[in-house]
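Reader: Could you walk me through the ligand site in this one? I'd like a close look at what surrounds the ligand and how it is held.

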Amino acid sequence: MPSWLKNAVFYEIYPQSFQDTNGDGIGDFQGIINRLDYIKELGCNAIWMNPCFESPFMDAGYDVADYYKAAPRYGTNDDLKRLFEEVHQRGMHLILDLVPGHTSVESKWFKESMKAEKNEYTHRYIWSDNVWEGFEGVKNISGCIRGISSRNGCCATNFFSTQPALNYGFVNPQKSWQFSPESPEAMATRKAMKDVMEFWLQMGCDGFRVDMASSLVKGDEDGSANIALWQDIRAFLDEKYPEAAMVSEWGQPDQSLKGGFHMDFLLQFGPSGYTELFRTEHPYFSREGKGDVKAFADKYQEYYDATNQKGLICIPSGNHDTPRLGGLLDEEEIKNVFAFLLSMPGAPYIYYGDEIGMKYLPDLVSVEGGYDRTGSRSPMQWDNTVNAGFSAAPKEMLYIDLDPDENRPTVKKQMETEGSLWKEVQKLNALRQAHPALQSEAALKFVYAKENAYPFVYQRSCGEETILVIHNPSGQQASCEVKLDGWGEVIYANHGEAVYENGVLTVPAASATFVKIG
Ligand code: NOJ
């Protein structure tokens, strides 16, 4: 594991919406550079930036047209290199978003691949050999593109119908046009992606968040073929770039970490119990107090045991695909969410704007393939100047509309206000940095996580230090009978302190308490 990951706290930047410096209504690399000190002040030391490569932006850049070129709207490759340097000067790290599974229909690779005459790219994508033959029922193929190529055949897609699937092969190939994952055709795609990774690593990026990482080899029912593929990429990276960090969009750490990823996300899909924490009808972290944490804790424990701490299970505050916390929960509730996120193992990921409780905006018209995700992608709210300090462009030119609420939260206001959500996130980040037992690899033991019950208690330990973390997000005082390993100094309490007497733990309403017990 790269040493810098041991205590990394990530900040996810959606570059379109973070900071515009050239007045075109869309964010850019220079804007990110200008805000690095801000991110550091919040207490994050690593950044994941969503795709920033040349693209027609039919899926916000997850449809790459040229893997080797920064999208001009963000800046040049040299600007991106400068961003890496500025990040490193501050002792921080930045990972790019790698989209290895598909390109845009506008990629040169795809245009060549559509041609009837054979060329280097003929097998770069998954094509049937007859335009009428599609891919119904094949795992990890979403649909197909047909009727736009001179070549006879259908091309598989991965997500939207503008995202043709690259060819990493099939498990048990059945048809003449299906290749095994080890075939020269599939290996050529793998090599092409290694070249892309190498290009950016050499330029100074610190690793990759990998889009749809479990879906490259098709028809892979148990995930083993994709695990093998990533093990091979891991071996390649270990040899040349051992400090390059890899995080997967996979959502099943028992598989992805076996594949050599250092980190995997718990996601809004997949069997992780993540959604139940903040985003169901009755989320656990709501004051309403009708949630359940047991499903999450059980699944987490299963992953934790299966991965044997060989890699990190990462819990994001949200991301560009999920509804924001703000809107689902209020600021006080979100404080408790962060007390949880920043005291769990793994590397926490904070989605830009979640640190001030930016709201999900349900009424926005889809922008660049966002659809219902657009409401989580609105411009960062920095201050009360023009366009909330995001951009000097006329309002109509903004890439996505701002939250129209005149009382929308801003970074400036929250940084000036004692007791704000921003201050709480900063405090929790500082606490995490100060206590090894709260960091990524420190051991976790669930102490109390019962079905439909509050509180929720776990213990973190590292070396001599042990910290008990006690959550009661519900609006009622909660208590439980529990045998604790000890009690000691309260190092964090956001709403009154939990008390332990005669074997009973009593926890104030809507609170989190951290107790150093060793
Ligand atoms: C997952 C990404 O997070 C999402 O934004 C994108 O649309 C799909 N993968 C397709 O690449």
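Author: Going round the ligand, you meet Asp59, Tyr62, His102, Phe159, Arg209, Asp211, Met212, Glu249, His320, Asp321, Arg373 and Arg377. Bear in mind that this is a predicted model. Sort that shell by residue type and you get seven charged residues, three nonpolar and two polar. Among the charged ones are Asp59 and Arg377, while Phe159 is one of the nonpolar ones.

Now for the polar contacts, and three side chains are worth picking out. Asp59 has a side-chain N or O atom 2.6 Å from an oxygen atom of the ligand. With His320, an N or O atom of the side chain and a ligand oxygen are 2.8 Å apart. For His102, the corresponding distance from a side-chain N or O atom to an oxygen of the ligand is 3.0 Å. How much of the ligand's accessible area does the protein cover? Taken on its own, the ligand has 290 Å² of accessible area, and the protein covers 98% of that. As for where all this happens, the ligand sits in the largest pocket.

One more spot while you have the model open: Thr513. You'll find Thr513 in strand S20, which spans residues 511-516. Thr513 counts as buried because its relative accessibility is 0%, and the cut-off for buried is under 20%. Look across from there to Ala493: 20 residues separate Thr513 and Ala493 in sequence, yet their C-alpha atoms are 4.4 Å apart in space.

How values were computed. Residues numbered from 1 in each chain as written. Predicted model: local features only at pLDDT ≥ 70, side-chain atom pairs only at ≥ 80, totals over all residues. Heavy atoms only, no water. Near = heavy atom within 4 Å. Polar contact = N/O pair within 3.5 Å; in protein donor to acceptor, adjacent residues only side chain to side chain. Areas by Shrake-Rupley, 256 points an atom, 1.4 Å probe, with all protein chains shown as cover. 1 Å grid on protein atoms, 1.4 Å probe; cavity = no way out; pocket = protein on both sides within 12 Å on 5 of 7 lines; lining within 4 Å. Sits in = over half its atoms within 2 Å of the grid points. Helix = DSSP H or I, 4+ residues; strand = E, 2+ residues; numbered from the N terminus. Buried < 20%, exposed > 50% of the residue type's maximum accessible area, 1.4 Å probe, protein only.
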